[in-house]
Structures are given as C-alpha cells and as structure tokens.
Amino acid sequence: MKQILWFRRDLRVIDSAILADAKSIGNEVLPIFIFDKNILEKLPKDDKRVTFIYQNVIKLKENLKKLNLDLAIFSDTPKNVFTKLKNLGFDEILTSIDFDFYAKKRDEEISKILPLKRYIDSFLINPQNILKKDNTPYKVFTAFYNSLEFLHQSNEIKELESTNNIKKLKKVDFDYSFVPTLQDLGFIEQKLPNFLYKSADDLIEDFLEKLENYQENRDYFHLDGGSNLSVHLRFGLISSKMLFNKIKKLKAPKKEIDFYIRELFWREFYNYILYHFPNSEFENFKDIKVNWNENEDDFISWCKGETGVPIIDASMKYLKQTGLLHNRLRMIVSSYLTKNLLIDWKKGERYFALKLLDYETSSNIGSWQWSASTGVDSVPYFRVFNPYLQSKKFDKDAIFIKSVLKELKDIEAKEIHKENGVQENIFLNYPKQLVGINFSRQRAILEFKRANNEKN
C-alpha cells in the first residue's frame, strides 16, 4: 500500500495522528505539505503567518529526515497536486480534519480523487462524541465543560505512540528536492515577534514563571502574562494533548493550572459549536436580525485605529503592526465595533482573519459572536464595555497605550482614560470620537432589545 501523509496544521512528528496511523507493514509513504494557492492568493504579501509556517515546514522536513523519511513540498492547489499524485499509484491520503467551510469543501473535492482518511489531531475531543442526554449538542460552555470533567481533571491524556511505527515506514521513491523560497511563493520574509523563534517547550518553561499569578495578571494587557502558545497550537507545533500534559506537570498552584486548562476548553467548545452548527460561520447563531450600521468610513476608521478612543486606536494599530492582540483587547475592540459602532461582527471577524497570527476560524467566530451578543452562550446584549473604564482598570498608567501611540507619551494617564480627554489638549491633533460612549451604548441596547423581541 502507498499512502500520502498530508501535513496541514500539524507541523510536528510527535503525537502525530497521520504518522501513528500509517500502515507500517510493507508500506510506503509520501509525507507532503502544500502551500495552498487557494489560500495564499488571498493574503497580503507581507503576511507574517506565511513566514512562520514556511520556517516550520522546513523544520518539519528536517525532523522527518531524522526519521529516515522526508517531506515533499508543493506550491499549488490541492486538487492539482492530488490529480498528479493519483497517477503515481497511491492508494489513500491520511490527514487531519478541520470543520470550517473551506476545509470541508476542499476535502470533499480531494476525496473524489483519492480516498481520504481524516483524524482529529488539532483538538482534544471529537465533537460528534459529546452530546447531552437527549442526544443534542451543548450550547452553554459551563454545561459542556462540566460534562468533560473526566477529561480536564485527569493528570494526563494519552498521546499517540508513533516512534516504533515510523521506524517501519518506507519512504516513497520521489523527488523531495524542491523547496520553494518565500519569494517563489510570492511573499516577503517578515521579522516575527521574538517569542515565535522559541520552541513550544521553551515557551512553556517561560510560562511557568507567570503561572503563579496567571488568573490575576492575564487581563492586564501591559503585562506579558499569557503563555504565548496560541500560534504554536494553531499550526500544530505542539498538539492539544501535549500542551495539556505539559501544563498539568508544571509545579504551580493547581487553581492556576486548572484555570489555564479551562481556557483550552473554550477553544474546544468553539470548535465543537462550529462542527454542530456550521452556519454560524456566516450568520448569527441566534436567530435575530440586527439593523447594523453600514457606514464604511466608520469601519475603516476602526481598522486603522482612528476612532478617537485611545485604547481602541492603540489596539488596532498594534494588531496591524504585529499580528498580535491580547485577549482582553480583543474583547474591548470587538465590543466597540459591534455595540458602540453597531457594525456587523462578520466584518470584524474577516479583518481579524487577515491580521491575527493565531487566527483560528472556530475560535475567532465564536469570540466575535460572543462579543456581539449573537452567538452561543454570548454576553448579554445590554452588557457593553466602556473602553475608557477598561483601559483605566487594566492599564492604569497607560503603559500599553503610550507604547503604541507615541503622540500620547507625555499625556497624563488620567486624561487618556477620560472620554474626550486627549481631544481637549490643544497641543494634540488627535482624531475626534466617532461616537459618544453613552449615546452609542443606549443605541445598541435599544437595537438589540428590538431584535430580540422581534425574534420572540
């Protein structure tokens, strides 16, 4: 039997489903990675994610060579690649599975060319296996989380053993020499944030020092209080099981470890929701019709960080510059877009999809719908973050804001945290607010109340 091992967002050789499940007796395998033109052609040429993925595809190739295998690298559409490979006598493809619309459409197309076996490899649970007693899916995170107590309270989740299997695999005779440059792919190499040059193990070691006060510090966005592991997890440099096991073994307070593990299960929950409710990728999970603000200038001002609200402007400029955004800041800017500006969450979700280094379809959609009060187990519509109170509470000295908005470096923090405070400074040419906070809050509450009442 000749199998193709299609690496996608599982760029590792440890706890690898496709390596563990490859048939080992007299079997020949062709490990491959495809720089998918269907995806890459929609990205800007300076997309930092492509640089990160490229670097780690090269590392994957090196790691496979150490196991007497190799990695064939393609730059094409998956359909073209597998149409050609089919003629070389391959029997099937092994790969991991995703539940977003493009992934399902792509895999359906490929399965018509060659048999396709897909494995849950990027998450801890198989969504189809977790249901309520009435065989319907959970829609509330707490109930979902509690149903999985057996899992999140365990000390270890068994990882896949692939070492012995790999030793028995035979590498298909193939030309593995083609290694395109980033320039060949149409991209410009980018300087990445320093932590992305570290391994997942190194980041976990760094995180141990922060874990002592994780619950308290994680909301303060001027602090580096998080694990910085979301990008590595997104592209599979570490598996969910590996991360779970390594965090559980850390010598830190159990309550802090449990709290971090709970955050991992929010990621599981949003993937679970996307699986059971695929339409939520494109429409409100709740059956409500909101009269969104269609003013494109307002949306562009939000994207550019020119809203007149310092915490929003600093966040959006920082996202554009780095591809990073603290979780608390994501909540603040998404609340501002969907509630204060009353702009459709889908526009914000698409913008984040272009910019976030750790962009993951299910988590991004779930988080945006949570903020917009349109999603599963979402924030009540009458809860609208006040961005000035948020910046005062979580960045009292405006450290983050001043680090991004250099023009505010000499302005007192209390002025930055006050509505129209910076606009009152005659020596500053700071943008006017797009909308008043109290007015826009009341407008949003009335609109969402109407939408929810009409539904009922």
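Which element gives the largest share of the lining of the second largest cavity? The answer is α17, with three residues, as set out in the legend to Figure 3. All views are taken from a predicted model.

**Figure 1. Close-up of helix α4 and the residues that surround its buried side.** Helix α4 spans residues 78-86, and Pro78, Val81, Phe82 and Leu85 are buried in it. When the helix is seen down its axis, these buried residues fall within an arc of 85°, so they line one face of α4. An α-helix has 3.6 residues a turn, so residues three or four places apart point the same way. The cover over the buried residues of α4 includes the strands β1 (2-7), β2 (28-36), β3 (72-76) and β4 (92-96). Helices α2 (37-40) and α5 (101-111) are also included in this cover.

**Figure 2. Close-up of the largest cavity, with a volume of about 90 Å³.** Two cavities of 30 Å³ or more are counted in the model. The lining of the largest cavity consists of Tyr270, Ile273, Leu274, Ser280, Phe285, Ser362, Ile365, Gly366, Gln369, Gly375 and Val376. Helices α14 (254-276) and α19 (361-371) are the elements that give two or more residues to this lining. The largest share, four residues, comes from α19. By residue class, the lining of the largest cavity divides into six nonpolar and five polar residues, with no charged residue.

**Figure 3. Close-up of the second largest cavity, which holds about 40 Å³ of space.** The residues lining this cavity are Met331, Ser335, Lys339, Trp370, Ser371, Val379, Arg383 and Phe385. Two or more of the lining residues are given by each of α17 (327-340) and α19. Helix α17 provides the largest share, three residues. The lining of the second largest cavity divides into four nonpolar, two polar and two charged residues.

**Figure 4. Close-up of the largest nonpolar core around Trp302 and Phe352.** This core has 127 residues, and Trp302 and Phe352 are those with the most contacts inside it. Its largest share, 10 residues, comes from α14. Leaving aside residues up to four places away in sequence, Phe352 touches Trp302, Met316, Leu319, Leu325, Arg330, Val333, Tyr359, Asn364 and Trp368. Another core, of 18 residues, lies apart from the largest one. Among the residues of this other core are Ile4, Phe82, Leu85 and Ile113. Phe82 and Leu85 are also among the buried residues of α4, the helix shown in Figure 1.

**Figure 5. Close-up of Asp15, a residue with positive phi in the loop between β1 and α1.** Although Asp15 is not a glycine, its phi is positive, at about 50°. The loop that holds Asp15 runs between β1 and α1 (17-21). Asp15 has a relative accessible area of 1% and is therefore buried, the limit being under 20%.

**Figure 6. Close-up of Ser373, in the loop between α19 and α20.** Ser373 is a residue other than glycine with a positive phi, near 60°. The loop in which Ser373 is found lies between α19 and α20 (387-394). At 1% relative accessibility, Ser373 counts as buried. Helix α19, at one end of this loop, also gives residues to the lining of the largest cavity and of the second largest cavity.

Key. Residues numbered from 1 in each chain as written. Predicted model: local features only at pLDDT ≥ 70, side-chain atom pairs only at ≥ 80, totals over all residues. Heavy atoms only, no water. Buried < 20%, exposed > 50% of the residue type's maximum accessible area, 1.4 Å probe, protein only. Arc of directions from axis to C-beta. Contact = heavy atoms within 4.5 Å. 1 Å grid on protein atoms, 1.4 Å probe; cavity = no way out; pocket = protein on both sides within 12 Å on 5 of 7 lines; lining within 4 Å. Points joined across faces, edges and corners; volume = space filled by probe spheres on them. Nonpolar A, V, L, I, M, F, W, Y, C, P; charged D, E, K, R; others polar. Core = buried A, V, L, I, M, F, W, Y, C linked by side-chain atoms within 4.5 Å.
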